Amino acid sequence: MVLAFVSGGAVGVLGGMIGLGGAEFRLPLLIGLFGFAALSAVILNKAMSLVVVLTALPARLATVGFSELSAHWLIAANLLAGSLLGAWAGATWATRMRTTTLYRVLAVLMVAMAAALVLTHLTSLPVLDIPAPLLVVTGVVAGFGIGVVAAIMGVAGGELLIPTITLLYAVDVKLAGSLSLAVSLPTMLVAFARYSRDQSFQVLRWNLRFTAVMIAGSVIGALVGGLLLGAAPDLVLVPILAAILLISAVKLARH
C-alpha cells in the first residue's frame, strides 16, 4: 500500500507541475508495476481520474468564476455533443477488444499523448479561423475523438481538450482549463457508467483499498505539483515527461 501511495503521489506531482491530472502516467504504472491487465487498469485509472477531477473542480472554480465559465457554455455544449457519444463508444470498444489489441491501442494513444504534450507546452498554437456552421461540426467531431481516447485510456482528457478549445474557440489557457473540466467530468461519468455494465468492473470492488490509497497519493501529489507549477522550465520538464510516455508505449506494445 505504501508503494501505491508513493506512486500515486509521484504521478500527481508530475501532472500538477504542468497543470494536468497525470492519469496518462498512472496507467502504465498500473499495468507494469502493479500487474493489472489492460482493461482492469483502464477501469481503475478511470475511477481515480474521476475523483482527482472532482477534487480539482473547487480550486478551478476559485480561479475562474462560475459567471465567466457559464458565459462560454456553448463551447462546452458543442464539445459535449460529441464527447458523450465518444466516451460510450470508446468504453464499449475497450470492453470488446482482445487484450493484446488493447495493449497496442494504448501504446499508440500514449505516443499521441506525448505528441500533444510537446505541441501544447513547447509550441505556440494558432487560432483556427473556421466559419460558425463548420465550427460546430468540427467541435462535435473533435469532442467525439477526445471522448473515445479518454474512455479507452481512463483519463480525463484535459491533455487534448485544452489545446482543442484554444485552437477552435480562441480562449485563453486559464479559461480553457476550466472549460475542459466542465467537458471532461460528464464525459468521464458516461464512460464510467458504460464500464460498470461490464464484468471487468468488479476489479474496482476487489481493489477498493488499493484504489483509495493511490487516489490519496494522487490528490496530495497534484496539490504539491500545483505549488511547484513553473518551478521547472517546460523546455526541461516536458521532454522528460514525453520520453516517459514513449518508453511506456514501447513497453505496452511488447506486453
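**Exercise 1. Internal space**

Determine how many cavities of 30 Å³ or more this predicted model contains, and describe the lining of the largest cavity.

*Solution.* Step 1: the cavity count. Rolling a probe the size of a water molecule over the atoms reveals where empty space remains. By this rule, one cavity of 30 Å³ or more is found.

Step 2: the volume. The largest cavity holds about 30 Å³ of space.

Step 3: the lining. The residues around the largest cavity are Ser83, Ile146, Gly147, Ala150, Ala156, Leu161, Val183, Ser184 and Thr187. At least two of the lining residues come from each of α7 (132–153) and α9 (173–195).

Step 4: the chemical classes. Five residues of this lining are nonpolar and four are polar, while no charged residue takes part.

**Exercise 2. The second largest pocket**

State the volume of the second largest pocket, and identify which elements supply at least two residues each to its lining.

*Solution.* Step 1: the volume. About 260 Å³ of space lies in the second largest pocket.

Step 2: the residues. The lining of this pocket consists of 16 residues, and those nearest its centre are Phe25, Pro28, Leu29, Ile244 and Ser248.

Step 3: the elements. Helices α1, α2 (23–32) and α12 (234–253) each provide at least two residues of the lining.

Step 4: the classes. The lining of the second largest pocket comprises 11 nonpolar residues, four polar residues and one charged residue.

**Exercise 3. A nonpolar surface patch**

Identify the residues that form the nonpolar patch on the surface, find which element gives the most to the patch, and classify phenylalanine 5 by accessibility.

*Solution.* Step 1: the members. The patch is formed by Val2, Phe5, Val6, Ile220, Val224 and Leu228, whose accessible area together is about 500 Å². Two or more of its residues are given by each of α1 (2–17) and α11 (208–227).

Step 2: the main contributor. With three residues, α1 gives the most to the nonpolar patch.

Step 3: phenylalanine 5. This residue is located in helix α1. Phenylalanine 5 counts as partly exposed because its relative accessibility is 35%, between the limits of 20% and 50%.

**Exercise 4. Two residues between α2 and α3**

Locate glycine 35 and alanine 37, and decide whether each is buried, partly exposed or exposed.

*Solution.* Step 1: location. Glycine 35 lies in the loop between α2 and α3 (38–63), and alanine 37 is also placed in the loop between α2 and α3.

Step 2: accessibility. Glycine 35 has a relative accessible area of 59% and is therefore exposed, since the exposed class begins over 50%. Alanine 37, at 39% relative accessibility, is partly exposed.

Step 3: distances. From glycine 35 to serine 124 the C-alpha separation is 39 Å, with their positions 89 residues apart in sequence. Alanine 37 and leucine 102 are 65 residues apart along the chain, and their C-alpha atoms are separated by 9.9 Å.

**Exercise 5. The loop between α8 and α9**

Describe the phi angle of alanine 170 and determine whether valine 171 is buried or exposed.

*Solution.* Step 1: alanine 170. The loop between α8 (158–169) and α9 contains alanine 170. Most residues other than glycine have a negative phi. Alanine 170 has a positive phi, near 55°.

Step 2: valine 171. This residue is found in the loop between α8 and α9. Valine 171 is buried because its relative accessibility is 10%, with the buried class lying under 20%.

Step 3: distance. Valine 171 and alanine 23 are 148 residues apart in sequence and 25 Å apart in space, C-alpha to C-alpha.

**Exercise 6. Leucine 54**

Place leucine 54 in the structure and assign its accessibility class.

*Solution.* Step 1: location. Helix α3 contains leucine 54.

Step 2: class. Leucine 54 counts as partly exposed, at 44% relative accessibility.

Step 3: distance. Between leucine 54 and alanine 91 the C-alpha separation is 20 Å, and the two residues are 37 residues apart in sequence.

Conventions. Residues are numbered from 1 along each chain as its sequence is written. This is a predicted model: local features need pLDDT of at least 70, side-chain atom pairs count only at pLDDT 80 or more; totals for chains, interfaces and linings use all residues. Side-chain values use heavy atoms; hydrogens and water are left out. Patches are made of residues with over 30% relative accessible area and no salt bridge: like charges are joined within 9 Å, nonpolar side chains (Val, Leu, Ile, Met, Phe, Trp, Tyr) within 5 Å. Accessible areas come from the Shrake-Rupley method with a 1.4 Å probe; for residues, only the protein chains shown count as cover. A salt bridge is a side-chain nitrogen of Lys or Arg within 4 Å of a carboxyl oxygen of Asp or Glu. Helices (H or I, at least four residues) and strands (E, at least two) are DSSP runs, numbered from the N terminus. Buried means under 20% relative accessible area, exposed over 50%, partly exposed in between (1.4 Å probe, protein chains only). On a 1 Å grid over the protein atoms alone, a cavity is a set of points where a 1.4 Å probe fits but cannot get out, and a pocket is an open set with protein on both sides within 12 Å along at least five of seven lines; lining residues have an atom within 4 Å of a point. Grid points are joined across faces, edges and corners, and a volume is the space filled by probe spheres set on the points. Ala, Val, Leu, Ile, Met, Phe, Trp, Tyr, Cys and Pro count as nonpolar, Asp, Glu, Lys and Arg as charged, and the others, Gly among them, as polar.
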